[in-house]
Amino acid sequence: MAPIELFHRVAATVPAYAAFLREHDVDPARIRTDADFATLPFTTKDNYTRRHPLNDLCRDGVLQGMIAVSSGSTGEPSFWARTADDEKVIADRFAQVMDNFGRRPTLAVVCFSLGTWVGGLFTLACVRHLQDRGYPITVVAPGNNPAEIARVVPQLAPLAEQTVLFGYPPFVKDVIDTLDLPWASYNIKIVTAGEVFSEEWRTLVAERAGIAEPVRSFASLYGTADAGVLGNETPLSIEIRRHLAARPDKAREIFGADRLPTLVQYDPAVRFFEESGGTLLFSGDNGIPLIRYHIADEGGLIPYREMLDRIGFRPTGEGPELPFVYVFGRSRFAVSFYGANVYAENISVGLEQPEVNRAVTGKFVLAAPEGADGLHVTVELAPGREPSDDLAKEVAAQIVAHLRRLNSEFAHYVPEHRQLPLVTLRPYADPVDFPPGVKHRYVR
C-alpha cells in the first residue's frame, strides 16, 4: 500500500489519528502527493499513542486481536494490538528467512520469552502461518528456559534436517555454550532479534554450534514492539556487513559512524521508512496503524543499487532487490541486555535509596559487554568514602531490586543468574570515569 493511500485510510478509520490531525491543523484532503506526505507531523509515543485510549488507536476504534506488552524507561507498560492479518504480513519476513535456510524438514525452537512479551508468542504465530503455507516446519516453544530447551531439543532435533533457534543473541549463545548437546549434528540455524551483535560474535557462535556457513545460517530481525518485524537480514546483507566489519574505514564512509550497525533489507510495500536527522521513521498498517512514527532509532536508508555501488566489491550471493535500512539503536539512552532495554533512569533509582545514597554521588557508567555475566555498573563514591566489598554488594542489591520493580522487560527477559549487576566503585572525580567539568555520560 502506497504511503498516501495508507494515510487516507488511517485518517478516515482511526479515531486517534483523526484527532491528532485536527490538533495539528492538518486537512487530510490536502495531502495528495509524496511531498505533501513528507510535511505531516511525526507521531511518537508521547504525542500520540500514550495520549489516546487503546481502542481509539485501532481501526474503526475497535480493539481486537492479541495484545503484546512492552515497557519503557519507567517500567510503565505499553500495549500494542496484533491481528492475524498483521501476523500474515510479517510472516513474509520469516518466509524469506526460511527460504534462505532451505525448505527442508525443520524444527523451529522458540527461545524468546513467552507470555505477554512481544517476541515469543509473535514468533510462534508467524511460524504457524508458515506451516499453513506448506513449509515443512515443526515448532516447539520452550521459551527462555534452558532446562526445557535441554529437554526438548535432543528428542526432536534428530527427527528434522535442520534446527532453527529463535532468541536474543546473548541467550542463544548461553544455550549453545552451556548445554552439553551435539549441536553440530543438528544442522543449526539461528534467528535473533533485540540486540546488535558483532561479526566476531557471529563467527564465534557459528564455530561453537558447528555452523559451516554463517552467511546462510543466521538472520537478525529488526523489529519493534510498536510494529513487529520491520526488516530482516539476508545472505546479501550479511555478506556486505561481514565485508565492512573487516574494513572499518569503508564502514565509516558508508554509515557515518565508528560502530557497525545492524544491516537488514525491508519491503517498502508494507513498511515505508523515512530518515530524519539520522533517526528513523516508519509508516505501516498494523493492529495500531502508524503514520510517520518516530521510533528514535539511530540509522539510515540506502537503496539497493546504491549499496552495491558503494561497498566496493561484488557479493558472491544473490539477494532480493530490496532497499537496506541500517540501525544503531538508541545507545545514548540505554543498553540492551538479553533483549531488555535498560535505561539510566532505572539504575539511578537504586542509587537513591537510603541504604546507599550517602555513600555515592549518584553518578555511574552503565555498560553491557558481550558475554558479560551481568550489567557492568561503575559507580562514583561520595567524597571521602572508600570502596569496600560490602558496599559494592549493597549497591548491586539495590540496583537489581529496583530494576526488577521498574523494568518489566529486565525482570522477564534476563535470566535470573544474570540479573545481579557487577558493580565497581571508583573514587570521587575519577579522571577516567567521572572527570570534573564535563557533561557526564551515563551509558557507554
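## A three-domain chain, from the outside in

Taken over C-alpha atoms, the centres of domain 1 and domain 3 sit 40 Å apart. Keep in mind that this is a predicted model. The split behind that distance goes like this: domain 1 covers 3-62, domain 2 covers 82-329 and domain 3 covers 334-426.

Now for the chain as a whole. Along the principal axes, its C-alpha atoms fill a box of roughly 65 × 60 × 45 Å. The radius of gyration is 23 Å, which agrees with the value near 22 Å for a compact globule of 444 residues. In secondary structure, you get 15 helices and 18 strands.

What share of the 444 residues is buried? Buried residues come to 55% of the chain. As for contacts with a separation of 6 or more, 70% of them join residues 24 or more positions apart. On the outside, the chain exposes about 19,300 Å², and carbon and sulfur atoms supply 50% of that. The chain carries 45 positive and 56 negative charges, and the mean positions of the two sets are 1 Å apart.

Two helices are worth a look for what they tuck away.

| Helix | Residues | Buried residues |
|---|---|---|
| α2 | residues 15-23 | Ala 16, Tyr 17, Ala 18, Ala 19, Phe 20 and Leu 21 |
| α7 | residues 169-178 | Pro 169, Pro 170, Phe 171, Val 172, Lys 173, Asp 174, Val 175 and Ile 176 |

Start with α7, which is mostly covered, with eight of its ten residues buried. Lys 173 and Asp 174 are among the buried ones. So what do the buried residues of α7 pack against? Their partners are two helices, α6 (146-156) and α8 (199-209), plus two strands, β5 (162-167) and β6 (188-193).

Over at α2, the cover on the buried residues includes helix α1 (3-13) and strand β12 (290-302). Strand β12 falls at 290-302, inside the 82-329 stretch of domain 2, while α2 at residues 15-23 belongs to the 3-62 stretch of domain 1. Right after α2 comes Asp 25, and its phi is positive, near 55 degrees.

For a contrast with those covered residues, try Asp 85, which lies in helix α4 (residues 84-101). Is Asp 85 buried or exposed? It counts as exposed, because its relative accessibility is 52% and the cut-off for exposed is over 50%. Asp 85 and Gly 65 are 20 residues apart in sequence, yet their C-alpha atoms are 9.4 Å apart in space.

How values were computed:
Residues are numbered from 1 along each chain as its sequence is written. This is a predicted model: local features need pLDDT of at least 70, side-chain atom pairs count only at pLDDT 80 or more; totals for chains, interfaces and linings use all residues. Side-chain values use heavy atoms; hydrogens and water are left out. Helices (H or I, at least four residues) and strands (E, at least two) are DSSP runs, numbered from the N terminus. The radius of gyration is taken over C-alpha atoms; the globule rule is 2.2 Å times the number of residues to the power 0.38. Buried means under 20% relative accessible area, exposed over 50%, partly exposed in between (1.4 Å probe, protein chains only). Contact means heavy atoms within 4.5 Å. Accessible areas come from the Shrake-Rupley method with a 1.4 Å probe; for residues, only the protein chains shown count as cover. Lys and Arg count as positive and Asp and Glu as negative; His and the chain ends are not counted. The place of a charge is taken as NZ of Lys, CZ of Arg, CG of Asp or CD of Glu. Domain bounds come from an automatic or database domain assignment.
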